[in-house]
Amino acid sequence: MAAETDFLNDALGQIGETRINGIDDDTVNANHCKTFWPPLRRALLRSHYWNFAETRVALALSATAPAFEFSYSYTLPPDLLRLKSYNSYAVNVYNFDDPGPWMFTQFKIEGRQLYTNDSAVLIVYVRDVPDPGQWDALFYQAASTWLASKLALAIPKDAKMSANLLT
């Protein structure tokens with residue numbers, strides 16, 4: 001099982017940089033990892049429906065109803081990165097040419113609240129998974145290389161190496 005430090009050292013090793021003992025080391029390399037890695041991880045997880053990052057929940061009804069338009073309010077899970085399905089309907093937020101007739105009327109997300117007229121809400125979503133031991137091998141490799149490309153610009157300041165890693 002890979003630990004976060006092993007993962008970060010994988011990325012640092014790809015650019016020939018010094019290993020770290022942990023993301024909270026007070027070193028230049030650790031500080032760059034701490035700056036780049038969490039937002040990059042969330043973006044990469046959000047970019048695809050990774051099976052290892054999917055989870056399903058029944059949302060709990062919030063005590064405060066929306067001011068207008070909808071009858072019910074539900075607080076979204078704090079680790080939600082991308083909604084995959086709503087009450088068994090697939091949600092494709094990237095295909096606005098064919099979103100389905102119900103998509104923009106069934107519910108609306110504002111901040112961390114989901115508003116709807118449905119009295120029960122079941123969702124499947126992509127969640128943030130910080131533990132590399134839970135990742136798919138392909139995600140691990142893609143994330144490590146992408147992080148290495150960002151680190152190549154920040155630490156040795158090598159744009160060519162950064163571009164090569166991304167290709």
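Contact here means heavy atoms within 4.5 Å, and with that in mind this tour of a predicted model begins at a helix.

Select residues 28–46, which form helix H2. At 1.5 Å a residue its 19 residues should span 27 Å, and because the C-alpha atoms at its two ends are 28 Å apart, the model agrees with that expectation. Now centre the view on Trp37, where H2 has a kink of about 30°, shortly before the proline Pro38.

Next, show the side chains of the buried residues of H2, which include Asn29, Ala30, Cys33, Phe36, Trp37 and Pro38, and, further along, Leu40, Arg41, Leu44 and Leu45. To see what they pack against, add helix H1 (4–14), strand E3 (80–86), strand E7 (122–127) and helix H4 (137–154).

Turn then to the aromatic rings, of which the structure holds ten pairs. Select Trp50 and Phe139: their ring centres are 5.1 Å apart and their planes lie at 75°, so this pair is edge-to-face. The pair joins distant parts of the chain, since Trp50 lies in the loop between H2 and strand E1 (54–58) while Phe139 belongs to helix H4, 89 residues apart. Keep Phe139 selected and add Trp135, whose ring centre is 5.2 Å from that of Phe139 with the planes at 75°, so that this pair too is edge-to-face. Trp50 and Phe139 are both buried, and Trp135 is buried as well. Widening the selection to Phe7, Trp37, Phe52 and Tyr140 brings in further members of the cluster that ring pairs link together.

Finally, select Tyr49: the charged end of Arg82 sits over its ring, 4.0 Å from the centre, and Lys84 lies over the face of Tyr49 at 5.4 Å from the ring centre.

How values were computed
Residues numbered from 1 in each chain as written. Predicted model: local features only at pLDDT ≥ 70, side-chain atom pairs only at ≥ 80, totals over all residues. Heavy atoms only, no water. Helix = DSSP H or I, 4+ residues; strand = E, 2+ residues; numbered from the N terminus. Expected span 1.5 Å × (residues − 1). Bend = angle between axes of the 7 residues up to and from the residue. Buried < 20%, exposed > 50% of the residue type's maximum accessible area, 1.4 Å probe, protein only. Phe/Tyr/Trp six-rings, centres within 6.5 Å; stacked < 30°, edge-to-face > 60°. Lys NZ or Arg CZ within 6 Å of the ring centre and 35° of its normal.
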